[in-house]
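Here's a quick tour of a protein chain for anyone who likes to look at packing before setting anything up. Have the viewer open and follow along.

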Amino acid sequence: MSVDVKYTTEATATGGRDGHARSQDGRLDVALSTPKELGGAGGDGSNPEQLFAAGYSACFIGALKVACQQLKMKLPDDVAVTAKVGIGPRSAGGFGITTDLTVSLPGIERAEAQRLVDAAHQICPYSNATRGNVDVGLTLA
C-alpha cells in the first residue's frame with residue numbers, strides 16, 4: 001500500500017517511559033513517567049498510552065469531519081471523542097494495547113450517528129493503522 005504523504009513530523013524520546021519526549025518543533029515537550037500499575041513510580045509525567053489516546057481521539061474527530069462532508073451532514077460544534085487505551089501482557093507474549101472510543105454527537109439521531117462513526121472509522125488514519133492489530137471498540141455516548 002502506498003501513501004501520498006502530505007505532512008511529516010518527528011519526535012524524539014529519551015530515557016524511555018521515565019524520560020522525556022519532544023517534537024522537532026518544540027510544540028510537544030513532555031516529561032514521561034511510568035504508571036504504578038506498570039511497575040513504575042507514577043509521577044507527574046505523561047505516558048505513551050495517554051499520548052496515543054489524545055492523538056487517536058483528536059484524529060477521529062478529523063475523520064468525523066471528513067465523513068460529514070462525504071455524507072452531506074453537519075458535525076455538531078460540541079462533538080467529543082474519548083479514547084480509553086489499555087496496555088498489558090498478550091497471551092501470545094509481549095505486550096499489547098486495546099482502545100475504546102466513545103463518541104458524543106449531540107443532536108444527531110442515533111442511526112445517523114452510527115453511520116457517521118462507522119464511516120469515520122474507515123477514514124481515520126489511526127483506525128487504519130490499528131485495524132487487525134489492536135482491538136478497537138466504538139461506542140456512541
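What follows goes from the overall layout to the core, one helix pair and a few single residues.

## The overall layout

First things first: this is a predicted model. The protein chain has three helices and six strands, and reading from the N terminus the elements go β-β-β-α-β-β-α-α-β. If you want a feel for the dimensions, the C-alpha atoms fit a box of roughly 45 × 35 × 35 Å along the principal axes.

Of the 141 residues in the protein chain, 31% count as buried. As for how contacts are spread along the sequence, take those between residues at least 6 apart: 47% of them link residues at least 24 apart.

## The nonpolar core

Which residues have the most contacts inside the largest nonpolar core? They are F60, L64, L75, V103, L105, L116 and V117, in a core of 23 residues. Four elements, α1, β4 (80-89), β5 and α2, each put in at least two residues, and α1 is the top contributor to this core with eight.

V103 is a handy place to zoom in. Skipping its neighbours within four places in sequence, V103 touches F60, L64, A80, V81, V117, T139, L140 and A141. F60, L64 and V117 from that set are also on the list of residues with the most contacts inside the core.

## How α1 and α2 pack

Now for the helix pair. Helix α1 covers residues 48-71 and helix α2 covers residues 110-123; they pack at about 115°, with 8 Å between their axes. Angles of 65 to 115 degrees count as roughly perpendicular, so that is the label α1 and α2 get relative to each other. The crossing of α1 past α2 is right-handed.

On the α1 side, the contact uses Y56, F60, A63, L64, V66, A67, C68, Q70 and L71, while α2 brings R115, L116, V117, A119, A120, H121 and I123. By type, the residues of this contact split into 13 nonpolar, two polar and one charged.

## T99, tucked into a strand

T99 sits in strand β5, which spans residues 95-104. Is T99 buried or exposed? Its relative accessibility is 1%, and buried means under 20%, so T99 counts as buried.

Its contacts come from several parts of the sequence. Leaving out residues up to four places away, T99 touches F52, Y56, K84, V85, V134, D135, V136 and G137. Y56 is worth a second look, since Y56 turns up among the α1 residues in the contact with α2.

## The loop before α1

For a change of scene, go to the loop between β3 (29-31) and α1, where K36 lies. K36 has a relative accessible area of 62%, and exposed means over 50%, so K36 is exposed. Apart from its neighbours within four places in sequence, K36 is in contact with A41 and G42. Between K36 and R110 there are 39 Å, C-alpha to C-alpha, with the two residues 74 apart in sequence.

G39 is found in the loop between β3 and α1 as well, and at 69% relative accessibility G39 also counts as exposed. How far apart are the C-alpha atoms of G39 and F60? They are separated by 31 Å, for residues 21 apart along the chain.

Technical notes: Residues are numbered from 1 along each chain as its sequence is written. This is a predicted model: local features need pLDDT of at least 70, side-chain atom pairs count only at pLDDT 80 or more; totals for chains, interfaces and linings use all residues. Side-chain values use heavy atoms; hydrogens and water are left out. Buried means under 20% relative accessible area, exposed over 50%, partly exposed in between (1.4 Å probe, protein chains only). Contact means heavy atoms within 4.5 Å. Axes are lines fitted to C-alpha atoms, for helices over the stretch in contact, and angles run from 0 to 180 degrees between N-to-C directions. Angles under 35 degrees count as roughly parallel, over 145 as roughly antiparallel, 65 to 115 as roughly perpendicular and the rest as oblique. A crossing is left-handed if the near helix is turned anticlockwise from the far one by less than a right angle, and right-handed if clockwise. Ala, Val, Leu, Ile, Met, Phe, Trp, Tyr, Cys and Pro count as nonpolar, Asp, Glu, Lys and Arg as charged, and the others, Gly among them, as polar. A nonpolar core is a set of buried Ala, Val, Leu, Ile, Met, Phe, Trp, Tyr and Cys residues joined through side-chain atoms within 4.5 Å.
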